[in-house]
Amino acid sequence: MDRGSMVPERADRPERPLVVDGGLATRLEAYGRDLGGGLWSARLLAEEPELIARVHRDYFEAGADVAIAAGYQASVAGFVSLGYSRRRALEAIARSVELAIGERDAFGSGLVAAGVGPYGAARADGSEYTGDYDLDEEGLYRWHRERWNVLTDSGADMVACETLPSLAEARALARLTSETPGARVWFSFSCSDGERISDGTPLREVAAELAPLRESGRLVAVGVNCVPPRHVPSLVRAVASAGLPAVAYPNSGEGWDAARGVWTGPGETEDFGEAAVSWCREGAVLVGGCCRTGPGHVRAVREALEEAGLR
């Protein structure tokens, strides 16, 4: 990973907030793809990489500054379970970043974050929203390590550790960050409400524990993703109160029913762009969307930030 400089600007101390892209799987489904199965969108890294590249292009064209590569559910064990060799599995994981970099370079600007999903994503049982795991911190450290080493050597500008439900998993990834001192990382969590991450730990306490990584230059931001937008303001304030920049890219406000594998309920009606402006004013430096958001949400965020004079 070439981390000598972050172009066009440092993501952790940007001159202006950066716009993160929207839901990858949501966009793939909009193109008519069935993402059923344990690998979810990661399956297309092997089967239709050109479509994943197209989705990255869609988001850059909509105004995203940061593309999160398609590594969220891409695990070695997941690919091997479907008959891939270990070598091919690792190649597919590395390809997630290659595709995003290719589209970034073709577009002419932007940053690429390697996507690191939680252990719960590979289990495909919804446990990324509960933290109810069968591994402790040491087990999580070992489970993430091989994929981590591939992604931190992939050429990405930074690493997005996403939808983390527990302090134990954050600690495991922080250990890996310490082993790759050139890596620039953000940690974003799934949350049970406007104060606590999914395992019940207050987000402010989590941010305070991760703060030493900031002092070493490795921590880009701490925040939340795939939470309802209504919870974001208080969660961003919790991160800011720990003296850290925040990242916030919520879902549409719908809820995920893991048992049935469907999204339920209506999305929140608050204008996504105006909401993003308020998040930035509370301390967010990276804002965008997660599940059930698309290029329209990203475009609204970009336009609202520009209208507010934040871009």
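Axes here are lines fitted to C-alpha atoms, for helices over the stretch in contact, and the angle between two of them runs from 0 to 180 degrees between N-to-C directions. Keep in mind that this is a predicted model. Let's work through it.

**Exercise 1.** Work out how helices α8 and α9 are oriented to each other, and which residues make the contact.

*Solution.*
- Step 1: Find the helices. α8 covers residues 167-179 and α9 covers residues 203-215.
- Step 2: Get the geometry. They pack at an angle of about 5°, with axes 11 Å apart.
- Step 3: Apply the cut-off. Angles under 35 degrees count as roughly parallel, so α8 and α9 are roughly parallel to each other.
- Step 4: Look at the contact. α8 brings Leu-167, Ala-170, Arg-171, Ala-174, Thr-177 and Ser-178, while α9 brings Val-206, Glu-209, Leu-210 and Leu-213.
- Step 5: Sort by class. The contact of α8 with α9 has 6 nonpolar, 2 polar and 2 charged residues.

**Exercise 2.** Now do the same for α5 and α7: describe their crossing and their contact.

*Solution.*
- Step 1: Take α5 (residues 86-107) and α7 (residues 137-151); their axes come within 9 Å and cross at roughly 50°.
- Step 2: That angle makes α5 oblique to α7.
- Step 3: As for handedness, α5 passes α7 in a right-handed crossing.
- Step 4: On the α5 side you'll find Arg-86, Leu-90, Ile-93, Ala-94, Ser-96 and Val-97, and on the α7 side Glu-146, Arg-147, Val-150 and Leu-151.
- Step 5: The residues of this contact divide into 6 nonpolar, 1 polar and 3 charged.

**Exercise 3.** Say how α9 packs with α10.

*Solution.*
- Step 1: The angle between α9 and α10 is about 35°, and their axes are 8 Å apart.
- Step 2: Their crossing is right-handed.
- Step 3: Leu-203, Arg-204 and Ala-207 of α9 meet Leu-235, Ala-238, Val-239 and Ser-241 of α10.
- Step 4: By class, that gives 5 nonpolar, 1 polar and 1 charged residues.

**Exercise 4.** Which residues of the largest nonpolar core touch the most other members?

*Solution.*
- Step 1: Start with the background. In soluble globular proteins, nonpolar side chains tend to be buried together.
- Step 2: The largest nonpolar core has 82 residues, and those touching the most other members are Cys-161, Phe-187, Phe-189, Leu-203, Leu-210, Val-222 and Trp-279.
- Step 3: Which element gives the most to this core? It's α5, with 7 residues.
- Step 4: Zoom in on Cys-161. Leaving out residues up to four places away in sequence, Cys-161 touches Val-116, Trp-148, Leu-173, Val-185, Trp-186, Phe-187 and Ser-188.
- Step 5: Don't miss the second, separate core of 18 residues, which includes Val-66, Ile-68, Cys-226 and Leu-286.

**Exercise 5.** Place Thr-163, Cys-226 and Thr-201, and decide for each: buried or exposed?

*Solution.*
- Step 1: Note the cut-off: buried means under 20% relative accessible area.
- Step 2: Thr-163 sits in strand β4 (residues 158-164). Its relative accessible area is 1%, so Thr-163 is buried. Thr-163 also has a positive phi of about 55°, although it is not a glycine.
- Step 3: Cys-226 lies in the loop between β6 (219-225) and α10 (232-241). At 7% relative accessibility, Cys-226 counts as buried. Phi of Cys-226 is positive too, near 55°.
- Step 4: Thr-201 is in the loop between β5 (185-189) and α9. With 15% relative accessible area, Thr-201 is buried. Not counting residues up to four places away in sequence, Thr-201 touches Leu-167, Arg-196 and Val-206.

How values were computed
Residues numbered from 1 in each chain as written. Predicted model: local features only at pLDDT ≥ 70, side-chain atom pairs only at ≥ 80, totals over all residues. Heavy atoms only, no water. Helix = DSSP H or I, 4+ residues; strand = E, 2+ residues; numbered from the N terminus. Parallel < 35°, antiparallel > 145°, perpendicular 65-115°, else oblique. Left-handed = near helix turned anticlockwise from the far one by under 90°. Contact = heavy atoms within 4.5 Å. Nonpolar A, V, L, I, M, F, W, Y, C, P; charged D, E, K, R; others polar. Core = buried A, V, L, I, M, F, W, Y, C linked by side-chain atoms within 4.5 Å. Buried < 20%, exposed > 50% of the residue type's maximum accessible area, 1.4 Å probe, protein only.
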